[in-house]
Amino acid sequence: MFQATTSNSAAGRGDFLAAANLYRRSADRGNLFALENLAWFYARGKGVEKNERQAAIYYERAALQNTPRALNALAWFLADSSHKPQRV
C-alpha cells in the first residue's frame, strides 16, 4: 500500500532520493499520486537523474487514469517550451 505520508515526509526533509524510491514502488502499482510525483521528480531531477522521457512516461501513465489533475499535469508538461513533445 502507498505510504503518502512517508514519501511526502522524505520529500519535505529534502531527501528526494528516498522519496523517489518510495514513489517508484507505488507508481509501479499504478498509484496516481505516486505517478504524478515521480514524473515531477524526473522532470526536475529531484532524487533521480533528470530525464524528460521518463517524466513523460510517468505523466502519460497517470493521465491514462483519466483524471483532470493527471491530464492537466501532462498537458502542462508537454506545453512547457523546454520539453520536446514526442510519442512515448
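Reader: Among contacts in the protein between residues at least 6 apart in sequence, what share joins residues at least 24 apart?
Author: This is a predicted model: local features need pLDDT of at least 70, side-chain atom pairs count only at pLDDT 80 or more, and totals for chains, interfaces and linings use all residues. Residues are numbered from 1 along each chain as its sequence is written, and side-chain values use heavy atoms, with hydrogens and water left out. A contact means heavy atoms within 4.5 Å. Among contacts between residues at least 6 apart in sequence, the share that joins residues at least 24 apart is 44%.

Reader: How many helices does the secondary structure of the protein come to?
Author: Helices (H or I, at least four residues) and strands (E, at least two) are DSSP runs, numbered from the N terminus. The elements run α-α-α-α-α from that end. There are zero strands, and the helix count is five.

Reader: What part of the 88 residues is buried?
Author: Buried means under 20% relative accessible area, exposed over 50%, and partly exposed in between, with a 1.4 Å probe and protein chains only. By that rule, the buried part of the 88 residues is 34%.

Reader: How much of the exposed area do carbon and sulfur atoms supply?
Author: Accessible areas come from the Shrake-Rupley method with a 1.4 Å probe; for residues, only the protein chains shown count as cover. The protein exposes about 5,400 Å², and the part from carbon and sulfur atoms is 52%.

Reader: How far apart are the end C-alpha atoms of helix 2?
Author: Helix 2 covers residues 16–27, which is 12 residues. The expected span is 1.5 Å times one less than the number of residues. That gives 16 Å for helix 2, and the model agrees, with end C-alpha atoms apart by 15 Å.

Reader: Within what arc do the buried residues of helix 2 fall?
Author: The buried residues of helix 2 are A19, A20, L22, Y23, S26 and A27. The arc is that of the directions from the helix axis to the C-beta atoms. These residues line one face of helix 2, because they fall within an arc of 165°.

Reader: Is N21 of helix 2 buried, partly exposed or exposed, and which residue does its side chain contact?
Author: N21 is found in helix 2. Its relative accessibility is 36%, so N21 counts as partly exposed. A polar contact is a pair of N or O atoms within 3.5 Å; within protein, one must be able to donate a hydrogen and the other to accept it, and residues adjacent in sequence count only if both atoms are side-chain atoms. At 3.0 Å, the side chain of N21 makes such a contact with the side chain of R24.

Reader: How many aromatic pairs are there?
Author: Rings of Phe, Tyr and Trp (its six-membered ring) pair if their centres lie within 6.5 Å; planes under 30 degrees apart count as stacked, over 60 as edge-to-face and the rest as tilted. By this rule, the count of aromatic pairs is six.

Reader: What kind of pair do the rings of F16 and F41 make?
Author: Their centres are 5.7 Å apart and their planes stand at 80°, so the pair is edge-to-face. F16 lies in helix 2 and F41 in helix 3, so the pair ties together parts that are 25 residues apart in sequence. F41 counts as buried at 3% relative accessibility, while F16, at 24%, counts as partly exposed. The kind of pair, then, is edge-to-face.

Reader: Which backbone nitrogen lies 3.3 Å from a polar atom of the E36 side chain?
Author: E36 lies in helix 3. At 6% relative accessibility, E36 counts as buried. Not counting residues up to four places away in sequence, E36 touches Y59, A62, R69 and A70. The backbone nitrogen at 3.3 Å is that of A70.

Reader: Which residues of helix 5 are buried?
Author: What covers them includes helix 3 and helix 4 (52–63). They fall within an arc of 65°, so they line one face of helix 5. The face turned away carries the exposed residues P68, R69, W76 and A79. The buried residues of helix 5 are A70, L74 and F77.

Reader: What is phi of N66 near?
Author: N66 lies in the loop between helix 4 and helix 5. At 59% relative accessibility, N66 counts as exposed. Most residues other than glycine have a negative phi. N66 is not glycine, yet its phi is positive, near 60°.
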